[in-house]
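Hello! Here is the structure I promised to pass on to you, and my notes on it follow below. I hope you enjoy looking through it.

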Amino acid sequence: MNSKVYRQYDSRWGSLAYPTSYSPVSSDGCGLCSVTHCAIELSKYANSTPKDFISFMRQYAVAGNGTRWDGIDAGLKKFIGNSKRFYDMSSFWTEVGKGNRVGVILFGAGAGPDGTLWTTGGHYVAFTGYKYENGKHWLYTKDSGPRCHDGWYAYETSMRGRISILWTAEIPKTGWYKEGGYWYYYKSGTILKNGWAQDSSNKWFWLGSDGKMVTSKWILSNKEWYYLGKNGAMVANGWAKDSKGWYYLGANGKMLKSQWVKSSGKWYYLKKDGLMAENEWVYYNKAWYYLLSDGAMAEKQWLKWKDNWYYLKAGGAMVTGTYTVDGKTYNFDKSGKWIEK
């Protein structure tokens, strides 16, 4: 919810003609400010002010009487893309109860049941939030007038009997929404499907052909393999495990293959299919290396394999020929086996 509240009398636009210099925004601009409060809920208008909308809204202004009703309709349709007008509260509550709604309330003169005075004549007030709690309907209002009725107000205690007409507009969904137990990603009201989506956290996710977030699964994209973790985020600079074993995903999320990777101070080898080598020999750059049961490269240690002893020097390469270990010289044949004498 955008926290900005714009007052009609703000020096940046209060003296601007609406529609004439004898009828400026400061006296007749509550409709303009209300439409602005609704529009700034969209990311593309988040930093806009009434000054940015006045050229369009001025055509619906009437000197001394503010904005025409059809101007509220037109403003919401122009800047949000839709508008509905209501004269009865029952239908209005059904509409706002669908969620993601903002709108404008036209108040008539007089105070609400608890004495909240919205206007002594007629006044437009925007709302950008709705909730139903403890048997009451609450609206989050933004009042452009000097009474500054901004915040949560209950219809039953503060507005009943004072509302003339209401308008609503649905803000196109953007971001993650959980529906029917599954997560979907919306962009300007449209569910993204069958592809990547990057959210506000800068993490990447994959949406299936039905739009559902894919989790704990491999994805083949542009001939490269990627892994989506249990929370759906693409794994990058980290390990992923499936029924076959462990894999490592690079900085761009691509599965690493036929190469070494250093993780937590140890070296590991990813085979040509990306699977981490373990309990096996790997021939790399004209030398043999052994990967232990946890996948870590063996180095500076003796290794017994198939009843023969081998020595892996610093850097992991298997020793052949004559080599000194802890001050003692040993002989190894061409296959690396220790030759006992």
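The second largest pocket is lined by 24 residues, and those nearest its centre are Ser-27, Cys-30, Thr-119, Gly-122 and His-123. Two or more lining residues come from each of the elements α1 (25-28), β2 (66-67), β4 and β5. The biggest contribution to this lining is from β5, which gives seven residues. If you sort the lining of the second largest pocket by class, you get seven nonpolar, 14 polar and three charged residues. The space inside the second largest pocket comes to about 340 Å³. Please keep in mind as you read that this is a predicted model.

Now for the largest pocket, which holds about 410 Å³ of space. It has 19 lining residues, and the closest to its centre are Glu-41, Leu-42, Asn-100, Ile-171 and Pro-172. Strands β4 (101-111) and β5 (117-133) each supply at least two residues of the lining of the largest pocket. The largest share, three residues, is from β5. By class, the lining of the largest pocket splits into eight nonpolar, seven polar and four charged residues. If you wonder how such spaces are found, rolling a probe the size of a water molecule over the atoms shows where empty space is left.

Next, the chain as a whole. Its secondary structure comes to six helices and 25 strands. What is the radius of gyration of the protein chain? The value is 34 Å, while a compact globule of 341 residues would have one near 20 Å. Along the principal axes, the C-alpha atoms fill a box of roughly 110 × 40 × 35 Å. Of the 341 residues in the chain, 47% are buried. The chain exposes about 17800 Å², and carbon and sulfur atoms supply 47% of that area. Take the contacts between residues at least 6 apart in sequence: 44% of them join residues at least 24 apart.

Helix α2 is worth finding on your screen. This helix covers residues 30-39 and is mostly covered, with 10 of its 10 residues buried. Among the buried residues of α2 are Cys-30, Cys-33 and Cys-38, along with Leu-32, Val-35 and His-37. You have already met Cys-30, one of the residues nearest the centre of the second largest pocket.

Two single residues are also good to look at. Trp-176 is found in strand β9 (residues 175-179). Is Trp-176 buried or partly exposed? Its relative accessible area is 21%, and buried would mean under 20%, so Trp-176 counts as partly exposed. Leaving aside neighbours within four places in sequence, Trp-176 is in contact with Trp-183, Tyr-184, Tyr-185, Asp-199, Phe-205, Leu-207 and Met-213. Measuring from C-alpha to C-alpha in the model, Trp-176 and Asn-252 are 22 Å apart in space, and they are 76 residues apart in sequence.

The other residue, Asn-82, lies in the loop between α4 (69-79) and β3 (84-86). Asn-82 is partly exposed, at 27% relative accessibility. Which residues does Asn-82 touch, not counting those up to four places away in sequence? They are Leu-76, Lys-77, Thr-168, Ala-169 and Glu-170. Asn-82 and Thr-168 are 86 residues apart in sequence, yet their C-alpha atoms are 8.3 Å apart in space.

Happy exploring, and do write back with any questions!

How values were computed:
Residues are numbered from 1 along each chain as its sequence is written. This is a predicted model: local features need pLDDT of at least 70, side-chain atom pairs count only at pLDDT 80 or more; totals for chains, interfaces and linings use all residues. Side-chain values use heavy atoms; hydrogens and water are left out. On a 1 Å grid over the protein atoms alone, a cavity is a set of points where a 1.4 Å probe fits but cannot get out, and a pocket is an open set with protein on both sides within 12 Å along at least five of seven lines; lining residues have an atom within 4 Å of a point. Grid points are joined across faces, edges and corners, and a volume is the space filled by probe spheres set on the points. Helices (H or I, at least four residues) and strands (E, at least two) are DSSP runs, numbered from the N terminus. Ala, Val, Leu, Ile, Met, Phe, Trp, Tyr, Cys and Pro count as nonpolar, Asp, Glu, Lys and Arg as charged, and the others, Gly among them, as polar. The radius of gyration is taken over C-alpha atoms; the globule rule is 2.2 Å times the number of residues to the power 0.38. Buried means under 20% relative accessible area, exposed over 50%, partly exposed in between (1.4 Å probe, protein chains only). Contact means heavy atoms within 4.5 Å. Accessible areas come from the Shrake-Rupley method with a 1.4 Å probe; for residues, only the protein chains shown count as cover.
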